[in-house]
Structure formats: structure tokens, C-alpha cells
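Subject: Structure handover

Hello,

Here is the structure you asked for, with notes on what was found in it. Please read the notes with the model open beside them.

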Amino acid sequence: MAKTATATFDNVGNPDPVTAPVSCRRITVRQDASVASPVAYIVHAPASGDPGFHKYPAESTVFEALPGAFIQAGDVVGYIETTSGSATFELICE
């Protein structure tokens, strides 16, 4: 069964970590669909200093464990910063 959580990311300071709330194989990150004005965002992985890639507001990002492995609760799988302001994202752990 999937576990869901929310996290807020912004464009202030360094990119914010995407932290696994539970152990799982995959984490899908997407913006809260109920937000009237979603924003584009930048994903950095696996480290915050790695070159980022831009995602459109409606795009989701998937972080996946290596074959046979699990992402452990508390693991930082990547980093996100918005292109403006802040936004709430849903984390879906499967």
C-alpha cells in the first residue's frame, strides 16, 4: 500500500531536500493538484550541488531505488527548488 505525505519547497536559499517518510521502492513527487497557480521547479539529484533540470508545474518526478534495494525512511533522495515562491508537493511512496 502506498504512503502519502506532503512537503513544501521554495526558491529561498539552497534547494530543499526530498526526504523519504517511510521505507519504499519509489517516491513520486508532484505538486498539489488543488493549487490554483502551480509553479515550475528544479530538481537536483543526488546532491544539492548537482546540475538541476527544470520541470513544468504539472510534471511529476520519480525517485527510484536500485533493483533489489529500498529507499529507507529518512533518506534524502534529491533536492527541489521552485522557480518562484513556494509550493506544496505530494510525496507518494510505494
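What is the mean pLDDT of the protein, and what share of its residues reach 70 or more? This is a predicted model, and its mean pLDDT is 94, with 100% of the residues at 70 or more. Broken down by element, the lowest mean pLDDT belongs to strand 1 (residues 3-10), at 94, and the highest to strand 2 (residues 16-19), at 98.

Overall build

The protein has 8 strands and 0 helices. Read from the N terminus, the order of elements is therefore β-β-β-β-β-β-β-β. Its radius of gyration is 13 Å, close to the 12 Å that the globule rule gives for 94 residues, so the protein is as compact as a globular protein of that length. The C-alpha trace spans about 35 × 30 × 20 Å along the principal axes.

Of the 94 residues, 33% count as buried. The accessible surface comes to about 5300 Å², and carbon and sulfur atoms hold 53% of that. Among contacts with a separation of 6 or more, 77% are between residues 24 or more positions apart.

Aromatic rings

The count of aromatic pairs in the protein is 2. One of them is F9 with F89, an edge-to-face pair with 5.2 Å from centre to centre and 70° between the planes. F9 is in strand 1 and F89 in strand 8 (residues 86-93), so this pair ties together parts of the chain that are 80 residues apart in sequence. F9 and F89 are both buried.

F89 also pairs with Y41: the ring centres are 5.0 Å apart and the planes stand at 80°, so this pair is edge-to-face as well. Here too the link is between distant parts of the chain, with Y41 in strand 4 (residues 41-44) and F89 in strand 8, 48 residues apart. Y41 is buried because its relative accessible area is 0%, and the cut-off for buried is under 20%. F89, at 0% relative accessibility, is buried by that cut-off too. Through these ring pairs, F9, Y41 and F89 are linked into a cluster.

A ring with a charge over it is found at F70: the charged end of R25 sits over the F70 ring, 4.5 Å from its centre.

The loop between strands 6 and 7

Two residues are worth describing in the loop between strand 6 (61-64) and strand 7 (76-82): I71 and A73. Are they buried or exposed? I71 has 6% relative accessibility and therefore counts as buried. A73 has a relative accessible area of 47%, so it is partly exposed.

What does I71 contact, leaving aside its neighbours within four places in sequence? The residues are A20, V22, S23, C24, R25, R26, I27, F63, E64, A65 and V77. With S23, I71 has a C-alpha to C-alpha distance of 5.4 Å, although the two are 48 residues apart in sequence.

For A73, with neighbours within four places again left aside, the contacts are A20, P21, V22 and S23. A73 and T19 are 54 residues apart in sequence, and their C-alpha atoms are 7.7 Å apart in space.

Two prolines

P21 lies in the loop between strand 2 and strand 3 (26-31). At 32% relative accessibility, P21 is partly exposed, because that class lies between 20% and 50%. Outside its neighbours within four places in sequence, P21 is in contact with A5, A73, L91 and C93. P21 and V77 are 56 residues apart in sequence and 11 Å apart in space, C-alpha to C-alpha.

P46 is in the loop between strand 4 and strand 5 (53-55). The peptide bond leading into P46 from A45 is cis, with omega near -5°.

Regards

Terms used. Residues numbered from 1 in each chain as written. Predicted model: local features only at pLDDT ≥ 70, side-chain atom pairs only at ≥ 80, totals over all residues. Heavy atoms only, no water. pLDDT = per-residue confidence, 0-100. Helix = DSSP H or I, 4+ residues; strand = E, 2+ residues; numbered from the N terminus. Buried < 20%, exposed > 50% of the residue type's maximum accessible area, 1.4 Å probe, protein only. Contact = heavy atoms within 4.5 Å. Phe/Tyr/Trp six-rings, centres within 6.5 Å; stacked < 30°, edge-to-face > 60°. Lys NZ or Arg CZ within 6 Å of the ring centre and 35° of its normal. Rg over C-alpha atoms; globule rule 2.2 N^0.38 Å. Areas by Shrake-Rupley, 256 points an atom, 1.4 Å probe, with all protein chains shown as cover.
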